[in-house]
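This report reads one protein model from a single residue outward, through its charged pairs and nonpolar interior to its covalent link. Please keep the sequence and the coordinates in view while reading.

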Amino acid sequence: MALTVSPVNAEPDTRAKPPRGRNPLPAPPQIRDLDFLLGSYTCDYTPPPGGKPAVLKLNTKRAMGGHYLYTDATLEPGSVVGRSSFGWNPVDGTFINQYHDNWGSSGNYTSSGWKDGHLIFKGPLTQVITPNASGQTTGVKLDLKDDYQVLGPGHFKNSTSFTFPDGSILHGSYDCRRQ
């Protein structure tokens, strides 16, 4: 793992001396816009036509001194185990979400923030179609759109769409309730 820090002799602007042993840079206030994700959720998945319903279990915690949220997820059936890392990109003024799972799928998405009750992340997803322990398999590159809506305390919906290279689109949704 390579960490790159301070390429131009930069230091964090802390405005004050932090207490010893604590993160010198507090988490950005924008990350609080993602607090609805915190906790354990069970989500009922409504698939695109022809697909099979599934259950998604989510557990989201703060990480790196509150700078990020890590969501660990399991999807059954299928035994898919994944992780999403949500954060704030202070340079571009956008939220970020990086995803990867035990099938080998991965994606990187961004969101400009809440608008009219929707938090929409968009970006490329490399979706493995059939997992294979050899490290070689088939997949497809898609454009993903996750549209989050908070429906009440401990209750949100994520309407997802997948756009394929031929332009076809599949829609599904997750109805998630805190446990």
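Does G113 count as buried or exposed, and what relative accessibility supports that label? In this predicted model, G113 has a relative accessibility of 11% and therefore counts as buried, since the cut-off for that label is under 20%. The residue sits in the loop between β6, which spans 106-111, and β7, which spans 114-115. Leaving aside residues up to four places away in sequence, G113 touches F95, H118 and L119. G113 and D33 are separated by 80 residues in sequence, yet their C-alpha atoms are 8.1 Å apart in space.

**Overall architecture and confidence**

The protein chain contains 0 helices and 11 strands, and its pattern along the sequence is accordingly written β-β-β-β-β-β-β-β-β-β-β. Of its 179 residues, 35% count as buried, while the chain as a whole exposes about 11,300 Å², with carbon and sulfur atoms supplying 55% of that area. When contacts between residues at least 6 apart in sequence are considered, 33% of them join residues at least 24 apart. The average pLDDT of the protein chain is 90, and 87% of the residues score at least 70. Over residues 1-11, however, the pLDDT is below 50, and this stretch has 0 contacts in the model beyond near neighbours in sequence.

**Salt bridges**

The count of salt bridges comes to 4, and the table gives those described here, among them two that involve D35.

| Salt bridge | Closest N to O distance |
|---|---|
| D35 and R32 | 3.4 Å |
| D35 and R62 | 2.9 Å |
| R83 and D72 | 2.8 Å |

R32, D35 and R62 are linked in a network of salt bridges. Within this network, the side chains of D35 and R62 meet at 2.9 Å, N to O. D35 lies in the segment before β1 (39-46) and R62 lies in strand β2 (residues 54-63), so the pair ties together parts that are 27 residues apart in sequence. D35 counts as partly exposed because its relative accessibility is 24%, and R62, at 35%, also counts as partly exposed.

Turning to the bridge between R83 and D72, the closest N and O atoms are 2.8 Å apart. R83 belongs to strand β4 (residues 80-89) and D72 to strand β3 (residues 68-76), so this pair ties together parts that are 11 residues apart in sequence. R83 is partly exposed, with a relative accessible area of 29%, and D72 is likewise partly exposed, with a relative accessible area of 35%.

**The nonpolar core**

Which residues have the most contacts inside the largest nonpolar core? They are L34, L58, Y148 and F156, in a core of 30 residues. At least two residues of this core are supplied by each of β1, β2, β3, β4, β8 (118-128), β9 (139-152), β10 (155-163) and β11 (169-178). The largest share, 4 residues, comes from β9.

The surroundings of F156 can be followed in the coordinates: with residues up to four places away in sequence left out, F156 touches F36, L37, Y41, L58, Y148, Q149, V150, L151, Y174, D175 and C176. L58 and Y148 thus appear both among these contacts and among the residues with the most contacts inside the core.

**The disulfide**

The structure holds 1 disulfide, which joins C43 to C176 with an S to S distance of 2.1 Å. The link of C43 and C176 is right-handed, with 115 degrees about the S-S bond. C43 lies in strand β1 and C176 in strand β11, so the pair ties together parts that are 133 residues apart in sequence. A disulfide is a covalent bond between the sulfur atoms of two cysteines. C43 and C176 are both buried, and C176 is also one of the residues that F156 touches.

Technical notes: Residues numbered from 1 in each chain as written. Heavy atoms only, no water. Buried < 20%, exposed > 50% of the residue type's maximum accessible area, 1.4 Å probe, protein only. Contact = heavy atoms within 4.5 Å. Core = buried A, V, L, I, M, F, W, Y, C linked by side-chain atoms within 4.5 Å. Areas by Shrake-Rupley, 256 points an atom, 1.4 Å probe, with all protein chains shown as cover. pLDDT = per-residue confidence, 0-100. Disulfide = S-S within 2.5 Å.
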